[in-house]
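User: I have a model open and would like to work through it. Can we take it one question at a time?
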Amino acid sequence: MASHSAATAQLRRKLGAAVHTGQDARWEASFDSSKLSFLPEAVIKPRRAADIGAVLVLANRHRVPVTVRGRGTTLTGAAVPLRGGWVIDLTGLRRVRIDAETGLAHVQAGATNAAVRTAAEAVGWFYPPDPSSEKYCTIGGNIACNAGGMHGGKYGVTRDYVIALKGFLPTGEWVEWGTATKKFSAGFNLRDLWIGSEGLLGIVTDAVLKLIPLPAARWTLLTSFADEVTALRAARELFASRVQPAICEFLDRYSVQCAESATGQSIFAGQAGRPVILLELAGSPSEVEEQKRELLSWAGRTATAFREAQDRAAAEQLWAVRRKCSGAMFELGDAKLNEDIAIPMRQYERFARFLDRLRRESGLPIPTFGHLADGNLHVNIMYHRAVPAECRAAEAAVGEAATAAGGPGLPRATGTAADGSASISTNACRQLSPTEAGSVWYCE
Ligand SMILES: Cc1cc2nc3c(=O)[nH]c(=O)nc-3n(C[C@H](O)[C@H](O)[C@H](O)COP(=O)(O)OP(=O)(O)OC[C@H]3O[C@@H](n4cnc5c(N)ncnc54)[C@H](O)[C@@H]3O)c2cc1C
């Protein structure tokens with residue numbers, strides 16, 4: 001890897017204490033949740049947006065690769081400085097201002113998702129995109145990954161809430177896409193091109209986000225089913241009846257077991273070994289009341305057991321357990337290949353059977369959970385990195401899932417994520433390829 005010490009020294013003269021070259025700072029910026037690690041030469045923590053432009057101009061002049069970073073929760077390796085160089089860490093720019101009159105949030109890119117939601121809710125507004133990493137991940141990272149979450153089926157994903165963006169092109173040129181108006185129809189829509197571009201097209205420093213009125217009523221129901229196929233068939237029946245839950249989360253029996261043992265909490269007492277669907281209605285009191293009747297009737301017909309959360313605290317406890325699912329899997333293996341798959345609703349039961357076969361043939365645990373309203377399921381192939389046979393089986397299983405994803409009428413992969421180490425899985429490296437160059441810039 002080329003050294004850029006002269007450029008780094010120049011950068012330090014320009015930005016002073018914002019430039020970190022100590023071992024700890026470099027190590028912390030060397031990895032994301034993919035657990036791949038490449039040391040950068042320096043980490044820049046800008047105190048003002050203008051610092052970013054200065055960094056980029058200098059990086060272009062000296063051909064230093066630059067990687068942009070929010071909180072590093074992406075599972076894809078997109079925030080890893082694969083070619084060394086400089087990392088720009090945006091977490092210091094985290095101002096949030098809610099315009100309660102117009103229902104807009106003016107935020108800096110390093111603000112966490114949860115900070116925006118909390119600030120909005122304090123004045124009666126709601127910011128729906130809620131990746132499970134919400135406490136840590138940044139709005140800039142959410143925009144760059146077009147993050148979704150449990151509310152996605154009813155309310156949509158990050159793209160649906162971005163009104164305007166400000167930031168820098170890779171050359172260091174300042175740009176503004178859109179203004180703080182809800183209508184945006186004149187001219188090229190470069191704002192939307194930036195959303196989901198994983199830092200490839202520019203660095204977001206500021207965003208204007210649309211808020212919606214905070215739902216006045218919420219109601220949470222927990223249901224368990226005889227098996228996964230029955231659960232997924234029941235979910236299809238629910239959507240066909242026009243009930244639109246704000247959240248509809250599926251946890252197969254293996255995910256339930258992991259979440260229970262990781263948190264020490266029982267998800268559904270008396271229903272051990274069964275898959276569950278967690279549902280939440282949100283809206284006006286009358287809307288929720290009407291849908292509640294339909295939901296209870298549906299649960300009575302299809303579920304093995306069901307129980308409503310007695311109050312908001314009980315509901316929050318259920319959602320907290322669900323959010324811990326991803327980390328909880330690691331009791332089944334110290335590495336995972338995590339396929340993020342969107343399945344057409346008509347294929348739900350077929351997909352459950354496909355997973356059963358994959359578990360039998362690979363001999364590996366494959367806990368699966370996710371959002372049924374938009375078909376986005378997280379398939380976690382767990383294995384032990386010290387056991388070569390398991391590494392091979394995991395690679396074959398993830399390959400099969402990817403092949404199946406491309407087949408007619410079968411699940412389609414929307415993205416892949418490696419959550420193990422590159423050294424044990426060549427798939428992990430291959431999966432990185434679409435994003436490898438994503439946030440690394442040269443001026444050739
Ligand atoms: C436990 C867990 C649960 C998760 N749940 C979900 C989920 O439910 N839904 C979901 O969609 N994702 C989920 N994720 C993935 C991840 O949290 C999201 O992709 C999140 O948006 C990343 O935000 P970040 O601040 O951590 O960005 P980082 O990981 O730091 O960066 C991600 C990408 O964005 C780029 N980037 C970051 N900031 C900027 C910026 N200001 N301007 C331009 N580019 C930038 C980086 O270069 C990189 O390419 C989860 C991850 C974990 C670990």
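User: Which residue has a backbone N or O atom 2.9 Å from a nitrogen atom of the ligand?

Analyst: Keep in mind that this model is predicted. A polar contact pairs N or O atoms within 3.5 Å. Here a nitrogen atom of the ligand lies 2.9 Å from a backbone N or O atom, and that atom belongs to Val204.

User: How much of the ligand's accessible area does the protein cover?

Analyst: On its own, the ligand has 980 Å² of accessible area. The part covered by the protein is 89%.

User: Which residue has a backbone N or O atom 2.9 Å from an oxygen atom of the ligand?

Analyst: Two backbone contacts to ligand oxygen can be described. For Ser132, a polar backbone atom is 3.2 Å from an oxygen atom of the ligand. The 2.9 Å distance belongs to Thr74.

User: Which element gives the most to the shell around the ligand?

Analyst: β3 (66-69), α5 (139-145) and β10 (203-210) each supply at least two residues. One of them gives five residues, the most of any: α5.

User: How do the residues of that shell divide into nonpolar, polar and charged?

Analyst: The ligand has 31 residues around it, and Val68, Gly70, Thr73, Ser133 and Thr138 come nearest. By type, the shell has 13 nonpolar, 15 polar and three charged residues.

User: Which helix supplies the largest share of the largest nonpolar core?

Analyst: The largest nonpolar core has 70 residues, and Trp86 is among those with the most contacts inside it. Contacts of Trp86 include Val55, Leu58 and Ala59. The largest share of this core is five residues, from helix α3 (residues 49-62).

Key: Residues are numbered from 1 along each chain as its sequence is written. This is a predicted model: local features need pLDDT of at least 70, side-chain atom pairs count only at pLDDT 80 or more; totals for chains, interfaces and linings use all residues. Side-chain values use heavy atoms; hydrogens and water are left out. A nonpolar core is a set of buried Ala, Val, Leu, Ile, Met, Phe, Trp, Tyr and Cys residues joined through side-chain atoms within 4.5 Å. Buried means under 20% relative accessible area, exposed over 50%, partly exposed in between (1.4 Å probe, protein chains only). Helices (H or I, at least four residues) and strands (E, at least two) are DSSP runs, numbered from the N terminus. Contact means heavy atoms within 4.5 Å. A residue is near a molecule or strand if one of its heavy atoms lies within 4 Å of it. A polar contact is a pair of N or O atoms within 3.5 Å; within protein, one must be able to donate a hydrogen and the other to accept it, and residues adjacent in sequence count only if both atoms are side-chain atoms. Accessible areas come from the Shrake-Rupley method with a 1.4 Å probe; for residues, only the protein chains shown count as cover. Ala, Val, Leu, Ile, Met, Phe, Trp, Tyr, Cys and Pro count as nonpolar, Asp, Glu, Lys and Arg as charged, and the others, Gly among them, as polar. Lists of a residue's contacts leave out its neighbours within four places in sequence.
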